[in-house]
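Visitor: I'd like a close look at one part of this model: the helix packing, and what sits around it. Could you walk me through it slowly?

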Amino acid sequence: TRIDKAGHKHFMSKEIAEQPGVIGAAIGHYLTPEGQINISTQDIDFTQFDRIVMVACGTASYACLTAKYWFEQIARLPVEVDVASEFRYREPPISPRTLAVFVSQSGETADTLAALRYCEGKAARILSVVNVPESSIARESDLALPIHAGVEVGVASTKAFTCQLVVLFALVLKAARDRETITAEAFADHISSLRGLPAIISTALEQNDTMQEAALKLSHARDVLFLGRGQMYPLALEGALKLKEISYIHAEAYASGELKHGPIALVDEHVPVVVMAPRDALFDKTVSNMQEVMARKGKVILISDSKGQAEANDGVWFSIEMPPVPDALAPILYAIPAQLLAYHTAVAKGTDVDQPRNLAKSVTVE
Ligand code: AGP
């Protein structure tokens with residue numbers, strides 16, 4: 001089938017806009033009508049593992065890092081995350097009660113495939129989360145979970161990332177059930193949160209013009225910092241990667257608490273600092289880091305919900321308001337501003353959004 005841009009200027013903007021639909025499709029595949037997770041215990045039984053290693057590259061590795069917070073907090077399972085190019089040569093010891101998880105949109109990334117092969121015969125089970133079910137990584141796994149994102153053309157991964165997160169979240173809920181680390185009530189709450197997610201994503205997409213306005217400001221920057229804490233830290237990494245990939249602006253992400261251990265030295269009136277801070281348990285901590293930035297004249301773009309904005313947006317350079325979202329799902333929602341900021345900045349700069357210089361959609365050589 002031929003894929004077109006469906007009236008969009010770029011595949012990337014089409015793929016961003018498709019997210020409520022494809023996220024809904026992924027949720028439909030992994031939740032049963034009765035509100036259970038549609039992954040059988042014959043396929044995977046989390047009582048058999050005492051540890052998970054997750055391996056991927058680029059954006060897929062940030063999906064893994066987000067899932068680490070979920071697996072550890074909700075299913076009480078220790079998770080190690082590594083980029084495939086490091087993992088494969090590190091000769092990491094893999095105990096027989098380890099679940100090895102590989103996340104890849106294409107399913108053909110050379111380093112991720114090599115890392116998977118390294119785990120063969122060592123890990124208890126090899127699971128992959130892929131967009132292409134016929135791919136090498138899917139074929140060589142004991143179990144491959146498709147993310148149902150549809151073909152992704154833009155080099156910058158967008159809908160694949162959010163669908164990876166949805167599938168990983170469903171897997172975490174299955175793990176929590178198997179290991180009895182969650183009450184029936186909390187489990188049911190997470191299920192209903194998931195069902196509500198596509199509508200919340202749609203609401204966030206309606207902020208497109210605000211994102212464009214923020215991006216116009218960002219497009220003049222030479223360096224941009226992204227900050228987040230806890231499960232929002234991987235989103236800061238993703239926001240920085242998206243921005244550098246397609247706008248060629250230098251961007252770095254830090255866990256907010258690391259700021260004063262070095263990077264705050266970079267902050268002055270020329271440096272925009274994007275702060276991803278839903279009004280969650282760590283909000284006050286992030287806000288105090290944000291105030292340290294403002295005290296050094298850093299230009300803060302605060303991405304938060306209405307409560308967070310009301311409490312903390314005094315003196316910020318720009319506010320982007322996100323709809324309220326259940327805490328655990330905030331990383332999926334905050335992917336939207338990360339994507340749109342990068343997209344509109346790249347458009348403002350006139351770069352080749354869908355095929356940025358020096359990059360390939362799938363890195364099949366080492
Ligand atoms: C994301 O925007 C990138 N283009 C890149 O980091 C990508 O996620 C990475 O190369 C992994 O690709 P995969 O998911 O196909 O394995």
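Guide: Here is a walk through the helix packing, followed by the ligand shell and a few single residues. Keep in mind that this is a predicted model.

Let's start with some vocabulary. Two packed helices are described by the angle between their axes and the distance between the axes.

Take H10 and H13 to begin with. H10 covers residues 233-247 and H13 covers residues 330-349, and the two pack at an angle of about 20° with their axes 9 Å apart. Angles under 35 degrees count as roughly parallel, so H10 and H13 are roughly parallel to each other. Their crossing is right-handed. On the H10 side, the contact is made by Pro 234, Leu 235, Glu 238, Gly 239, Lys 242, Leu 243, Ile 246 and Ser 247. H13 answers with Pro 331, Tyr 334, Ala 335, Ala 338, Gln 339, Leu 341, Ala 342, Thr 345, Ala 346 and Lys 349. Sorted by class, that contact of H10 with H13 comes to 11 nonpolar, 4 polar and 3 charged residues.

H13 has another partner to look at, namely H7. The H7 and H13 axes are 10 Å apart, and the angle is about 175°. Anything over 145 degrees counts as roughly antiparallel, so that is the label for H7 and H13. From H7 come Phe 161, Thr 162, Leu 165 and Val 166, and they meet Pro 331, Ile 332 and Ala 335 in H13. The class split for H7 with H13 is 6 nonpolar, 1 polar and no charged residues. If Pro 331 and Ala 335 ring a bell, that's because they are listed in the H10 contact and again in the H7 contact.

Stay on H7 and turn to H8. The axes of H7 and H8 come within 11 Å and cross at roughly 170°, so this pair is roughly antiparallel too. The crossing of H7 past H8 is left-handed. Phe 169, Leu 173, Ala 176 and Arg 177 of H7 make the contact with Phe 187, His 190 and Leu 194 of H8. In that contact of H7 with H8 you get 5 nonpolar, 1 polar and 1 charged residues. H7 spans 159-178 and H8 spans 184-205, and in the loop between them lies Glu 180. Glu 180 has a positive phi of about 55° although it is not a glycine. It counts as exposed, because it has 10 other C-beta atoms within 10 Å.

Now for a residue that ties some of these pieces together: Thr 59, which lies in H3. Leaving aside neighbours within four places in sequence, Thr 59 is in contact with Ser 157, Phe 161, Glu 238 and Leu 241. Of those, Phe 161 turned up in the H7 contact with H13, and Glu 238 in the H10 contact with H13. Thr 59 and Leu 237 are 178 residues apart in sequence, and 8.6 Å apart in space, C-alpha to C-alpha. Thr 59 counts as buried, because there are 23 C-beta neighbours inside 10 Å.

H3 also brings us to the ligand. In the shell around the ligand there are 15 residues, and the closest are Gly 58, Ser 104, Gln 105, Ser 106 and Thr 109. H3, residues 58-74, gives the most to that shell, with 3 residues. By class, the shell divides into 5 nonpolar, 9 polar and 1 charged.

Past H3, the loop towards strand S2 (79-83) holds Arg 76. Phi of Arg 76 is near 55°, a positive value in a residue other than glycine. Arg 76 is partly exposed, because it has 13 C-beta neighbours inside 10 Å. Pro 78 has its place in the loop between H3 and S2 as well. With 12 C-beta neighbours inside 10 Å, Pro 78 counts as exposed. Not counting residues up to four places away in sequence, Pro 78 touches Arg 51 and Glu 72.

We can finish on S2 itself, where Val 83 lies. Val 83 is partly exposed, with 18 other C-beta atoms within 10 Å. Beyond its neighbours within four places in sequence, Val 83 is in contact with Cys 57 and Ser 61. Val 83 and Asp 223 are 140 residues apart in sequence and 24 Å apart in space, C-alpha to C-alpha.

Note on methods:
Residues are numbered from 1 along each chain as its sequence is written. This is a predicted model: local features need pLDDT of at least 70, side-chain atom pairs count only at pLDDT 80 or more; totals for chains, interfaces and linings use all residues. Axes are lines fitted to C-alpha atoms, for helices over the stretch in contact, and angles run from 0 to 180 degrees between N-to-C directions. Helices (H or I, at least four residues) and strands (E, at least two) are DSSP runs, numbered from the N terminus. Angles under 35 degrees count as roughly parallel, over 145 as roughly antiparallel, 65 to 115 as roughly perpendicular and the rest as oblique. A crossing is left-handed if the near helix is turned anticlockwise from the far one by less than a right angle, and right-handed if clockwise. Two residues are in contact if their C-beta atoms, placed from the backbone, lie within 7 Å. Ala, Val, Leu, Ile, Met, Phe, Trp, Tyr, Cys and Pro count as nonpolar, Asp, Glu, Lys and Arg as charged, and the others, Gly among them, as polar. A residue is near a molecule or strand if its C-beta atom, placed from the backbone, lies within 6 Å of it. A residue is buried if 20 or more other C-beta atoms lie within 10 Å of its own, exposed if 12 or fewer, and partly exposed in between; C-beta atoms are placed from the backbone.
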